[in-house]
Each structure stands twice: as C-alpha cells, then as structure tokens.
Amino acid sequence: MANRQYKDSVFRKLFHNKRELASLYQAIRPEDDIFAKDIKLTTLRNVFTDSQRNDLSFLWKQRVVVLMEHQSTWNENIPLRMLPYADHVYSKIIKIIEAQKAMYQEALVKIPTPKFYMLYNGRPQQKFREELKLSDAFAEKDGDLEIRVHVIDISYNEKNEILQSCEPLYGYSYLVHLIQEYKKESGDDDVAIAKAIDDCKKAGILTNFLAKNGKEVIDMFRLKWNIKDAKKYWMEEAHENGKVEGEINGKVESARSLMETLHCTKEKAMELLKIPAELQPKILAML
C-alpha cells in the first residue's frame, strides 16, 4: 500500500516547476511567448480532498491559469469542480495584488483574467468536447455565472501534436500509457509501475525527474491506483447497502400491514413473511 503522505499526483509533482510549467503552457498557448520568469505559482494545497491533488494554478502576466489533469473516465462536471477552486484562487490572488482595500473604493479594480483547462488523459472519446461550461449544469438557462473549461487531450498518441511540442508532457503521457498497458498484462500495479519506469529510464524519457524522484513517483502511482480501486469498492458497497436497505424497508411495510390486518405480533408477522434471522433485529427495531 502506498504511503499516505503522498497526496500530490505525479502530474503535479512534475509540473510544479516554473520551467516545466512554462513548457506546458507554451504548448497550450503557442501564440504567446511563455517564459518561466513570468510565472508565479499560486497552486492551492487543500481544495480537493477526495483524491490525489492533480491541479496547478499560476499567474502569467495578467492571466490566472488553472490546469487540472483528469485521468479517469469522461466527466462533465469539471466546471462545477472548478467553481470552489476559482473562489480559493482569487482569494489568494487578491491578497497577492493587495486589492482587498481597493475593492471598497469607487475605481474599478482590475484582476487577472481566468483561464481554465482540463488535461484529459482518460479513455478515448467518440465525441470529444473541446469546451465544458458551468451553465450546462444550470436547472434554468438564464443564470448569471459562467465558467468555461478548455479540454485538451493529452492521452498518449504519436500523432498528438501537443505532446510533440512539450517534452515533459510527452514523457508523462507515455509513462502513464506504459503503466496502463503493463497493468493489463500482469494485473499487478507494482509490476506495471516498476516496469514502465524502468522502460522510460532506458529510453531516456523523464530521466532526470525519475532519477531524482523515483521512489516518490512509485508511491504516488501506487496511491493513485489504490484510490481508484477503493472508490470502485466503495461504490459497489454503497450499491449493495442500498439494495439491503430497500429490502428492509419493504419488509417493514409488509410486516406493519400484516400486523394491522391479522392483529398479530411483530414476531408473528416476521414469521409469516419468512424474514431471514440476520434481518430480524433491525426490522424489529423499526416496527
């Protein structure tokens, strides 16, 4: 089991570095000239607590950029997840630019322009949407708030242009791809992770990063896949619990009906309904 101190993802560990981050943002925005010296990291530590931290935020000139890697199945709710993140980021930025007092003055306070990106590294999509909007989730269509998230496919493919234009992103995507492929072969997380990292080192991919952070990278990937397995188990368990709960509620209603119709005791009603012994204490408490 992975060491629980590793809450950052490998993606965040790799790109929480101005040089690598500049390379990544340059690939996303080829029309701009992105230099590491112009980047100020604003990444938050504790906004998302349900899984590993796979988000990055930074200031670039007059722009605040939020990047979120998504490595699971397609999720339409990313803009909704961005909403509290945006609140936290701008609270931090307002302090950085010392705009707290100015907000209460008459003159308009200028703030950095927000840009939100989801870097999708999950299963291939037949209909790949390039933009997700918060307003798509509104119960009514005349809401006064919007968040647009630009979706960028970073899944491994030799023809993926954004990977070709950013060496560390290419290396990261390739590493994840290898782990997934080796896991299909062996069914063992540890074997897949170790083999993929070894292959990357031999191929000269992410060499310095893996040499410096190899043990931590292994633990991060272990935790990632354990979280995925745990979530699957929790969902299955919740489904089963829901089925049992529904069965119990049905038996309670049936027992009450028999008690009223036949004027019998709780115990007799359960006997007539042939309620399993393991369910009887809970049903008795509810009658």
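Let's call a residue buried when its relative accessible area is under 20%, exposed when that area is over 50%, and partly exposed in between, using a 1.4 Å probe and protein chains only. By that yardstick, buried residues make up 41% of the 287 residues in the protein. What you're looking at is a predicted model, where local features need pLDDT of at least 70, side-chain atom pairs count only at pLDDT 80 or more, and totals for chains, interfaces and linings use all residues. Residues are numbered from 1 along each chain as its sequence is written, and side-chain values use heavy atoms, with hydrogens and water left out.

Start with the overall layout. The secondary structure comes to 9 helices and 6 strands; these are DSSP runs numbered from the N terminus, with helices being H or I of at least four residues and strands E of at least two. A contact here means heavy atoms within 4.5 Å. Take the contacts with a separation of 6 or more: 61% of them are between residues 24 or more positions apart. On the outside, the protein exposes about 17,000 Å², and carbon and sulfur atoms supply 50% of that (areas by the Shrake-Rupley method with a 1.4 Å probe, where for residues only the protein chains shown count as cover).

Now head inside. A nonpolar core is a set of buried Ala, Val, Leu, Ile, Met, Phe, Trp, Tyr and Cys residues joined through side-chain atoms within 4.5 Å. The largest one has 45 residues, and Leu 24, Ile 28, Leu 67, Leu 175 and Phe 221 touch the most other members. Helix 5 (residues 167-186) gives the most to this core, with 9 residues. Leaving aside residues up to four places away in sequence, Leu 175 touches Ala 196, Ile 197, Cys 200, Leu 206, Leu 210 and Phe 221. Apart from this core lies another, of 21 residues, including Trp 74, Ile 93, Leu 132 and Ile 147.

Helix 2 (residues 18-28) is worth a stop too. Its buried residues are Glu 20, Leu 21, Ala 22, Leu 24, Tyr 25, Ala 27 and Ile 28. At its N-terminal end, Asn 17 acts as the cap, with a side-chain oxygen 2.9 Å from the backbone nitrogen of Arg 19.

On to the charges. Side chains of opposite charge can pair when their charged atoms come close. Counting a salt bridge as a side-chain nitrogen of Lys or Arg within 4 Å of a carboxyl oxygen of Asp or Glu, the whole structure has 16. In one of them, Arg 12 pairs with Asp 55, the closest N and O atoms being 3.1 Å apart. Arg 12 lies in helix 1 (residues 10-15) and Asp 55 in strand 2 (residues 55-60), so the pair ties together parts that are 43 residues apart in sequence. Both Arg 12 and Asp 55 are buried.

Arg 29 and Glu 31 also form a salt bridge, with closest N and O atoms 3.4 Å apart. Arg 29 counts as buried because its relative accessibility is 17%, while Glu 31, at 53%, counts as exposed. These two belong to a network of salt bridges that links Arg 29, Glu 31, Asp 32 and Arg 63.

Then there's Lys 202 with Asp 198, at 3.2 Å between the closest N and O atoms. They sit 4 residues apart in helix 6 (residues 189-203), so about one helical turn separates them. Lys 202 counts as exposed at 67% relative accessibility, whereas Asp 198 is partly exposed at 34%.

How values were computed: A polar contact is a pair of N or O atoms within 3.5 Å; within protein, one must be able to donate a hydrogen and the other to accept it, and residues adjacent in sequence count only if both atoms are side-chain atoms.
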